[in-house]
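Dear colleague,

Please find below the structure that I am handing over to you, together with its sequence. My notes on what was found in it follow.

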Amino acid sequence: MAGARLCIPRQIVAELQDYEAQYGANDSTYWLYFELLWREYFQWLHYRYGNRLYLLRGIRNQDPLLSKNPKALAGWCEGKTAAPFVNAFMHQLRNTGWMSNRGRQIVASYLINQLGVDWRDGAAWFEAQLIDYDPASNWGNWQYLTGVGTDPRGRREFNIGKQQREYDPAGAFVGKYSHRHAQRTS
Ligand SMILES: Cc1cc2nc3c(=O)[nH]c(=O)nc-3n(C[C@H](O)[C@H](O)[C@H](O)COP(=O)(O)OP(=O)(O)OC[C@H]3O[C@@H](n4cnc5c(N)ncnc54)[C@H](O)[C@@H]3O)c2cc1C
């Protein structure tokens, strides 16, 4: 892309600080900085723990009590679960190669907690689909949600119904991605 350049986080933060000095801080500048810290965290975590980021028992060496279940995994990948909100996110991923951070957390929680599937299968599916795939962020976030990463609070479980009521109250997102090819054919 003409004019595009690769930025490292320090450069982004420097630009952010310049912007804030000129126009003032706002919610968006705060969150951008905050989220970049998460990114940094996972990059350093990978640097520190190396291959342990890819192990079932994770960095904490915890047994996540998950199993191989090819049928449940396939349904999740194809957006054919019992949860329309999860399905919409999975269709979005297949159609566009992208999903919001909230969506990633919701579908990961569903795979781990509702379907009881080995978290590494979900991480591998994300690896194959995401256009912004990054080893440290992907596998680090999956470990974090499964409760085998460094977070002492353990596994994260999202209430899918509550999430849907909060983030898609009118069902616009589910409507848009209710079918795997909805985006392409509309
Ligand atoms: C299960 C799971 C898998 C993920 N896999 C990846 C991946 O492969 N590649 C990737 O770049 N990000 C990954 N993320 C992090 C995050 O979802 C994306 O970076 C985010 O969706 C990008 O959206 P945005 O650019 O609008 O970010 P914003 O929310 O505007 O945040 C700004 C920047 O902060 C960073 N960031 C935000 N949230 C996170 C987070 N939770 N972890 C790490 N960095 C973060 C990203 O660089 C992002 O571009 C994953 C998150 C989860 C929960």
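A residue is called buried here when its relative accessible area is under 20%, exposed when it is over 50%, and partly exposed in between. By that rule F89 is buried, because its relative accessible area is 6%. Please bear in mind throughout that this is a predicted model.

**Helix 4 and helix 6**

F89 belongs to helix 4, which covers residues 84-96. Its C-alpha atom is separated by 7.3 Å from that of V107, although the two residues are 18 apart along the chain.

A128, by contrast, is placed in helix 6. With a relative accessible area of 59%, A128 is exposed. Between the C-alpha atoms of A128 and R94 the separation is 9.9 Å, and these positions lie 34 residues apart in the numbering of the chain, counted as the distance from one to the other.

**The ligand and its surroundings**

The ligand occupies the space of the largest pocket. Helix 2, helix 5 and helix 7 are the elements that contribute two or more residues to the shell around the ligand. In total, 21 residues surround the ligand, and the closest are E35, N101, D132, D134 and N141.

Which atoms of N101, D132 and D134 approach the ligand? For N101 the side chain is involved: one of its N or O atoms is 2.8 Å from an oxygen atom of the ligand. For D132 the backbone is involved, with an N or O atom 2.7 Å from a nitrogen atom of the ligand. D134 also uses its backbone, where a polar atom is 2.9 Å from an oxygen atom of the ligand. Taken alone, the ligand exposes 820 Å², of which the protein buries 78%.

**Salt bridges**

Side chains of opposite charge can pair when their charged atoms come close. In the whole structure, the search finds eight salt bridges. Three of them are described here, beginning with one that involves a residue already mentioned beside the ligand.

D132 forms a salt bridge with R104, and the closest N and O atoms of the pair are 3.0 Å apart. Since R104 lies in helix 5 and D132 in the loop between helix 6 and helix 7 (135-146), the pair ties together parts that are 28 residues apart in sequence. R104 is buried, with a relative accessible area of 17%, whereas D132 is partly exposed at 36%.

A second salt bridge joins the side chains of D118 and K68, at 3.1 Å from N to O. This pair links distant parts of the chain, 50 residues apart: D118 is in the loop between helix 5 (101-114) and helix 6 (119-129), while K68 is in the loop between helix 2 (27-49) and helix 3 (70-77). Are the two partners buried or exposed? D118 is buried, with a relative accessible area of 3%, and K68 is exposed, with 52%. Both residues also belong to a network of salt bridges that links K68, D118, R120 and D121.

The third pair is R39 and E40, whose side chains meet in a salt bridge at 3.8 Å from N to O. R39 is partly exposed, with a relative accessible area of 34%, and E40 is likewise partly exposed, at 26%.

**A polar contact in helix 7**

T146 is located in helix 7. T146 counts as buried because its relative accessibility is 3%. The side chain of T146 reaches the backbone oxygen of W142 at a distance of 2.7 Å.

**Backbone angles in the loop between helix 2 and helix 3**

Most residues other than glycine have a negative phi. Two residues that you may wish to view on the screen are N61 and L65. The phi of N61 is near 55 degrees, which is a positive value in a residue other than glycine. N61 lies in the loop between helix 2 and helix 3. L65 lies in that loop as well, and the phi of L65, near 50 degrees, is also positive in a residue other than glycine. L65 is exposed, with a relative accessible area of 71%.

With kind regards

Methods
Residues numbered from 1 in each chain as written. Predicted model: local features only at pLDDT ≥ 70, side-chain atom pairs only at ≥ 80, totals over all residues. Heavy atoms only, no water. Salt bridge = Lys/Arg side-chain N within 4 Å of Asp/Glu carboxyl O. Buried < 20%, exposed > 50% of the residue type's maximum accessible area, 1.4 Å probe, protein only. Helix = DSSP H or I, 4+ residues; strand = E, 2+ residues; numbered from the N terminus. Near = heavy atom within 4 Å. Polar contact = N/O pair within 3.5 Å; in protein donor to acceptor, adjacent residues only side chain to side chain. Areas by Shrake-Rupley, 256 points an atom, 1.4 Å probe, with all protein chains shown as cover. 1 Å grid on protein atoms, 1.4 Å probe; cavity = no way out; pocket = protein on both sides within 12 Å on 5 of 7 lines; lining within 4 Å. Sits in = over half its atoms within 2 Å of the grid points.
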